[in-house]
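This briefing sets out the principal features of the structure shown below. The points are grouped by topic for reference at the bench.

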Amino acid sequence: MSAKAHQYTIRNVSPRLHRALRAKAEERGVSLNALVVQALEAEAGLEAQPREHTDLDDLFGTWVHDKAVDRALAEQRQVDPKDWP
């Protein structure tokens, strides 16, 4: 951002868009203003860093051992000698 930041006023934001932006800002843990500035930078091609993809982050470290799943995986891992002459 330049030394002197500018302020924008955006009009005619629908309630639907407002709710979606608020939810996205909360999900990312940033202010609504920060989210909108990031979106404007991205649209203008000014992203400083590659965009972080977080679509599977909430799954990391959540594996729960389940006997039925363990059995199914064990069955899948069995090697049939006929397939390996």
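**Structural briefing**

Along the sequence, the chain follows the pattern α-α-α. The model is a predicted one. In total the chain holds three helices and zero strands.

**Surface and burial**

- The chain has 85 residues, of which 2% count as buried.
- Its accessible surface amounts to about 8,700 Å², and carbon and sulfur atoms account for 54% of that area.
- Tyr8, Ile10, Val13 and Leu17 together make a nonpolar surface patch of about 440 Å².
- One of these patch residues, valine 13, is located in the segment before α1, the helix that covers residues 15-28.
- Valine 13 has a relative accessible area of 39% and is therefore partly exposed, because that class lies between the buried limit of under 20% and the exposed limit of over 50%.
- The 39% of valine 13 also satisfies the requirement of over 30% relative accessible area for patch residues.

**Helix α1**

- Helix α1 comprises 14 residues, which at 1.5 Å a residue should span 20 Å.
- The end C-alpha atoms of α1 are 20 Å apart, so the model agrees with the expected span.
- Just after α1, glycine 29 adopts a positive phi of about 70 degrees.

**Salt bridges**

- The count of salt bridges comes to two.
- Side chains of opposite charge can pair when their charged atoms come close.
- Within helix α1, lysine 24 and glutamate 27 lie three residues apart, about one turn of the helix.
- An α-helix has 3.6 residues a turn, so residues three or four places apart point the same way.
- Lysine 24 forms a salt bridge with glutamate 27, and their closest N and O atoms are 3.8 Å apart, a separation that falls within the 4 Å cut-off.
- In this pair, lysine 24 is partly exposed because its relative accessibility is 33%, whereas glutamate 27 counts as exposed at 61%.
- Aspartate 80 forms a salt bridge with lysine 82, with the closest N and O atoms 3.9 Å apart, which is likewise within 4 Å.
- Here aspartate 80 has a relative accessibility of 32% and so counts as partly exposed, while lysine 82, at 70%, counts as exposed.

Note on methods
Residues are numbered from 1 along each chain as its sequence is written. This is a predicted model: local features need pLDDT of at least 70, side-chain atom pairs count only at pLDDT 80 or more; totals for chains, interfaces and linings use all residues. Side-chain values use heavy atoms; hydrogens and water are left out. Patches are made of residues with over 30% relative accessible area and no salt bridge: like charges are joined within 9 Å, nonpolar side chains (Val, Leu, Ile, Met, Phe, Trp, Tyr) within 5 Å. Accessible areas come from the Shrake-Rupley method with a 1.4 Å probe; for residues, only the protein chains shown count as cover. A salt bridge is a side-chain nitrogen of Lys or Arg within 4 Å of a carboxyl oxygen of Asp or Glu. Helices (H or I, at least four residues) and strands (E, at least two) are DSSP runs, numbered from the N terminus. Buried means under 20% relative accessible area, exposed over 50%, partly exposed in between (1.4 Å probe, protein chains only). The expected span of a helix is 1.5 Å times one less than its number of residues.
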